[in-house]
Every structure is written in structure tokens, then in C-alpha cells.
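Reader: Hey, got a minute to walk me through this one? Put it up and let's start with the rings.

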Amino acid sequence: MRILIVEDDRELASSLKAMMEESIGVADTFDTVADAEAALLTFKFDLVLIDRNLPDGDGLSLLPTLRQLRPRPATL
């Protein structure tokens, strides 16, 4: 499993990365919306943890990119 952690607090990001890698799988950390968006367009992530208050904007601005990359299955 590959995890994306978007967190600008380096100590918190490091702790989250260590915990995720110990229990789930590989974790990549980024500290800006721009870097996280580039990573989303480059790699496939199974889990995404997003900080809302980032230096270059609100982490929720990544949601449209996430939705575009992972559309919901059609329901009958």
C-alpha cells in the first residue's frame, strides 16, 4: 500500500510517515499543495492524509484532483 502524507510540520510528517510505514506500507511526504498535486499526478496512492493549513493553500484544494484520478464507480 502506498500512502501520501501532505503535512508542512516536519516533525508531525516524520512521525506519521514512521507510523504508516510500520503498519501499512510505503509513505511519501510533501509539504505543499503544489508538490502533493504533482505527486498525485505521478504516482497511485491508496491512502491520502491531508493537512488543511499548508503554506500555499488549503489542503482540501487537492480533492478535485483526487476525484478526477479516482472516479466513483457508477451505481445502478
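Author: Sure. A search of the whole structure turns up one aromatic pair. Phe43 and Phe45 form that pair, edge-to-face, with 6.3 Å centre to centre and 75° between the planes. For the cut-offs: rings of Phe, Tyr and Trp (its six-membered ring) pair if their centres lie within 6.5 Å, and planes under 30 degrees apart are stacked, over 60 edge-to-face, the rest tilted.

Reader: Before I go on, what kind of model is this, and what pLDDT do local features need?

Author: This is a predicted model: local features need pLDDT of at least 70, side-chain atom pairs count only at pLDDT 80 or more, and totals for chains, interfaces and linings use all residues. Residues are numbered from 1 along each chain as its sequence is written, and side-chain values use heavy atoms, with hydrogens and water left out.

Reader: OK, back to the rings. Is Phe45 buried or exposed?

Author: Phe45 counts as buried, at 7% relative accessibility. Phe43 is partly exposed, with a relative accessible area of 37%. Buried means under 20% relative accessible area, exposed over 50%, and partly exposed in between (1.4 Å probe, protein chains only).

Reader: Which residues line the largest pocket?

Author: Both Phe43 and Phe45 are in the lining, along with Leu40, Lys44, Asp46, Leu47, Val48, Leu66, Leu69 and Arg70. The elements giving two or more residues to that lining are β3 (47-50) and α3 (63-69). Helices (H or I, at least four residues) and strands (E, at least two) are DSSP runs, numbered from the N terminus.

Reader: And how much space lies in the largest pocket?

Author: About 170 Å³. That volume is the space filled by probe spheres set on the grid points, which are joined across faces, edges and corners. The grid is 1 Å over the protein atoms alone; a cavity is a set of points where a 1.4 Å probe fits but cannot get out, while a pocket is an open set with protein on both sides within 12 Å along at least five of seven lines, and lining residues have an atom within 4 Å of a point.

Reader: How do the lining residues divide into nonpolar, polar and charged?

Author: Seven nonpolar, no polar and three charged. Here Ala, Val, Leu, Ile, Met, Phe, Trp, Tyr, Cys and Pro count as nonpolar, Asp, Glu, Lys and Arg as charged, and the others, Gly among them, as polar.

Reader: Where is Asp46, then?

Author: Asp46 sits in the loop between α2 (33-42) and β3, and counts as partly exposed at 40% relative accessibility. The C-alpha atoms of Asp46 and Leu4 are separated by 8.1 Å, with their positions 42 residues apart along the chain.

Reader: Switching to the sheet. In which sense do β1 and β2 pair?

Author: Parallel: β1 (residues 2-6) and β2 (residues 26-30) pair over five bridges. Two strands pair if DSSP finds at least two bridges between them. Ile3 stands opposite Ala27 in β2, and Val6 has Phe30 as its bridge partner there.

Reader: What about β1 and β3?

Author: Those pair in the parallel sense too, over four bridges. Ile3 has Leu47 as its bridge partner in β3.

Reader: Why is β1 largely enclosed?

Author: Because four of the five residues of β1 are buried.

Reader: And which unit do β1, α1 and β2 make?

Author: With helix α1 (residues 10-23), the two strands make a right-handed β-α-β unit. Right-handed means that, with the strands pointing away from the viewer, the path from the first strand over the helix to the second runs clockwise.
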